[in-house]
Amino acid sequence: MKKVVIVESPSKTKTISKYLGTDYEVLSSKGHIRDLATSGKFGLGIDVDDNFKPNYVPLKDKKKTITDLKKASIGAEVYLASDPDREGEAISWHLMDELGLSNYKRVVFNEITKPALLEAFDHPRDIDMDLVKSQETRRMLDRIIGFRLSKLMQSKTDGKSAGRVQSVALKLIVDREREILAFKEEEYWTIKGVFPDFEAELDKYEGKDVEITSKVEADKIIDSLSKTFNIESVTSKIKNKKGVMPFTTSTLQQACINILNYGSSKTMKIAQKLYEGVDLGNETVGLISYMRTDSTRLSSVFVEETMEYIEKNYGKEYVGNVKVSKKKDNVQDAHEAIRPTSIMRTPESVKKFLTQEEYRVYSIIYARALASLMSDAKANGTTIVLENNGYTFKATGSVIVFDGYLRVYGIYTKNEDVILPDLSQYKSKVVISDDIIGEQHFTKPAPRYTEASLIKEMESLGIGRPSTYAKTMDTLKMRNYCTLEDKKFVPTEIGFEITDKLQECFSDIINVKYTADMETDLDSVAEAKFDHVKLLSDFYNKFEPLVEKAFETMEKKAPVETGEDCPECGNPLVIRKGRYGEFVACSNYPECKYIKPTEREAFADCPKCEVGEIVAKKTKKGKVFYGCSNYPDCNYALWDEPTGEKCEECGLLLVSKGKRVYCPNCASKKKEEEK
């Protein structure tokens, strides 16, 4: 009997085929093959009146794939080898159901290596229907909330979509921005003594904390101090610097954002490639374990191999212990941390087979997993306490005396060494300051969220799952609900509007606690502890009446009138928001489709058609370019800003980029000069 293996990604098929041999035909479903229909009540594809029965239909672009897989499966023993998480379990079930399989087995592997694959195929299992029900329930919840709220927002606001996780993440950003806007800074001062080889900061006065709120107070204290400080105590203590845990999806994304400057989506694409397999010349192998996980567990085989590697390459004193995460709740899906599939495949040994970006991501994953099994670092912490007229000054510092895990992970951490002098040399037990300085400060609000800190916050609050973080970040930006300024999320006017409207009617549902509790309930479904129909029914019976009420009572945002009348029908012209920003149009839309021509600054006459003018425009993604106003009759366009001058060689426009002015047409005759 022929054997057919179905995986999700086409790029896996080559690697897996090599390991399994010619007895197996390895094919790909290319991800999901079907999804909920958009028919029925509210277009949900769910019969809410019949125990929330889903109506699945093949995806339009997967019809040929389904036909080919059906043909290949006839008379075959089929191994369903989709990814080792709930989404993968659901894909296997959809394949089984859509292909009409009766002779099938489910195989699960956390890494694409020969030993892992052979082990998986030696121990196939049935499809875990509890995991499938959990994924199916999540999908239906997202469909109900997404479709109903998005329709509401489209009818009442300038927004395009809302979602179960997306809208809560947006609320976090909006709430933080409002905290910042409402924040009132307060002045405070610090005082420090400056010595030849260290500095000490004022800590207490007669044993009590000191709070200085003005220059007058600071100057008064400074005037009461002499330059002679009594050495009250010098203490040193060796302290352990705890090592790191191996990466989860969240911590990998945070590290790559903060250290490598790679966004969450980019990080996951690179990690996907490393997981699926890399051609190393003599073999094709997955370099890392599955990258969608919230577990920090490491396999015993990897631990044993790595411990031996550490002792051989670094010494016995560098061998650490397996670290156990304190976090137990909601750890699910793939059941291992992200790690290299073999500690013997060092980043340098595979560097020539990787792109620079792949090498950097693999290097940090490798270093993190290796460091997690190494011993703690040790630092000599020193505290110096000085006394001056009842005021206590303190200086603290630490020096690494044993690098431990920092031997391999230190390049990814900040060096915090502050070396303090040995004050035992001062026989008089006093030290003379060079100066005593008062410094003014102002309190600051909590910072805006970066992509990394938002992911960290979502994880800590129990919002979303590893597979949702990157998509949520992308959606918030794509919908123009937020912009990134200095790598920090800033909500737009639409972002504020969407959040306020949702809180007006759905504050009991679109909030952190409800969303986190829903994740817990979904976990309970996966563990066969909660009936999925009851979960859906309880939610829907609470949610749908709120939606219906919101359609009736929520006020629609009225476009601002410009004071002009439409030249075609006489109704008032209003300001509307579209994909490319604000525009002026007739209030009688859709009966009247008049749009007022935009008055834009012209940089120059179009050198191509000599009819239009070169004006600033935006792509669908918001990127600025410069094109002819006579488009589509003339398609002349430039990416860089025109100077208004023409090239002496070809007569087309010169453009500027930074301090450089050049002709984009004459590539070999670029004119460069200082602006």
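This report describes the overall make-up, nonpolar cores, cavities, cysteines and two selected residues of a predicted model.

## Overall make-up

The protein in this predicted model is built from 18 helices and 30 strands, and its C-alpha trace spans about 90 × 75 × 65 Å along the principal axes. Of its 675 residues, 48% count as buried. When contacts between residues at least 6 apart in sequence are considered, 65% of them join residues at least 24 apart.

## Nonpolar cores

The largest nonpolar core holds 71 residues, and the members that touch the most other members are Leu149, Leu454, Met458, Phe506 and Phe543. Helix 5, which covers residues 129-156, supplies the largest share of this core, with eight residues. A second core, separate from that one, has 66 residues, among them Cys256, Val285, Ile288 and Ile365.

Phe543 belongs to helix 18, which runs over residues 532-553, and its surroundings can be listed in some detail. With neighbours within four places in sequence left aside, Phe543 is in contact with Ile144, Ile145, Arg148, Leu149, Phe506 and Ile509. Two of these partners, Leu149 and Phe506, are also named among the core members that touch the most others, while Ile145 and Ile509 reappear in the lining of the largest cavity.

## Cavities

The structure holds two cavities of 30 Å³ or more. The largest has a volume of about 40 Å³ and is lined by Ile145, Arg164, Ile509, Ile510, Tyr514, Thr515 and Met518. By class, this lining consists of five nonpolar residues, one polar residue and one charged residue. Helix 17, residues 512-526, gives the most to the lining, with three residues.

The second largest cavity has a volume of about 30 Å³, and its lining is made up of Pro246, Thr296, Arg297, Leu298, Val322, Lys323 and Ser372. Here the residues divide into three nonpolar, two polar and two charged.

## Cysteines

A search of the whole structure finds zero disulfides. Cys569 is accordingly in no disulfide, and the nearest cysteine sulfur, that of Cys586, lies 3.4 Å away. Because a pair of cysteine sulfur atoms has to be within 2.5 Å to be counted as a disulfide, the 3.4 Å between the sulfurs of Cys569 and Cys586 does not qualify.

The cysteines also show different degrees of exposure. Cys569 has a relative accessible area of 34% and is therefore classed as partly exposed, whereas Cys256, a member of the second core, is buried, with a relative accessible area of 0%.

## Gly462 and His532

Gly462 sits in the loop between helix 14 (451-461) and helix 15 (469-478). Although placed in a loop, Gly462 has a relative accessible area of 12% and is therefore buried, since the class takes in values under 20%. Apart from residues up to four places away in sequence, Gly462 touches Thr515, Ala516 and Glu519. The C-alpha atoms of Gly462 and Met518 are separated by 9.5 Å, although these residues are 56 residues apart along the chain; both Met518 and the contact partner Thr515 belong to the lining of the largest cavity.

His532 lies in helix 18, residues 532-553. With a relative accessible area of 16%, His532 too falls under the 20% limit and so counts as buried. Its contacts, not counting residues up to four places away in sequence, are with Lys133, Thr137 and Val525. Of these, Lys133 and Thr137 fall within helix 5 (residues 129-156), and Val525 falls within helix 17 (residues 512-526).

Terms used:
Residues numbered from 1 in each chain as written. Predicted model: local features only at pLDDT ≥ 70, side-chain atom pairs only at ≥ 80, totals over all residues. Heavy atoms only, no water. Helix = DSSP H or I, 4+ residues; strand = E, 2+ residues; numbered from the N terminus. Buried < 20%, exposed > 50% of the residue type's maximum accessible area, 1.4 Å probe, protein only. Contact = heavy atoms within 4.5 Å. 1 Å grid on protein atoms, 1.4 Å probe; cavity = no way out; pocket = protein on both sides within 12 Å on 5 of 7 lines; lining within 4 Å. Points joined across faces, edges and corners; volume = space filled by probe spheres on them. Nonpolar A, V, L, I, M, F, W, Y, C, P; charged D, E, K, R; others polar. Core = buried A, V, L, I, M, F, W, Y, C linked by side-chain atoms within 4.5 Å.
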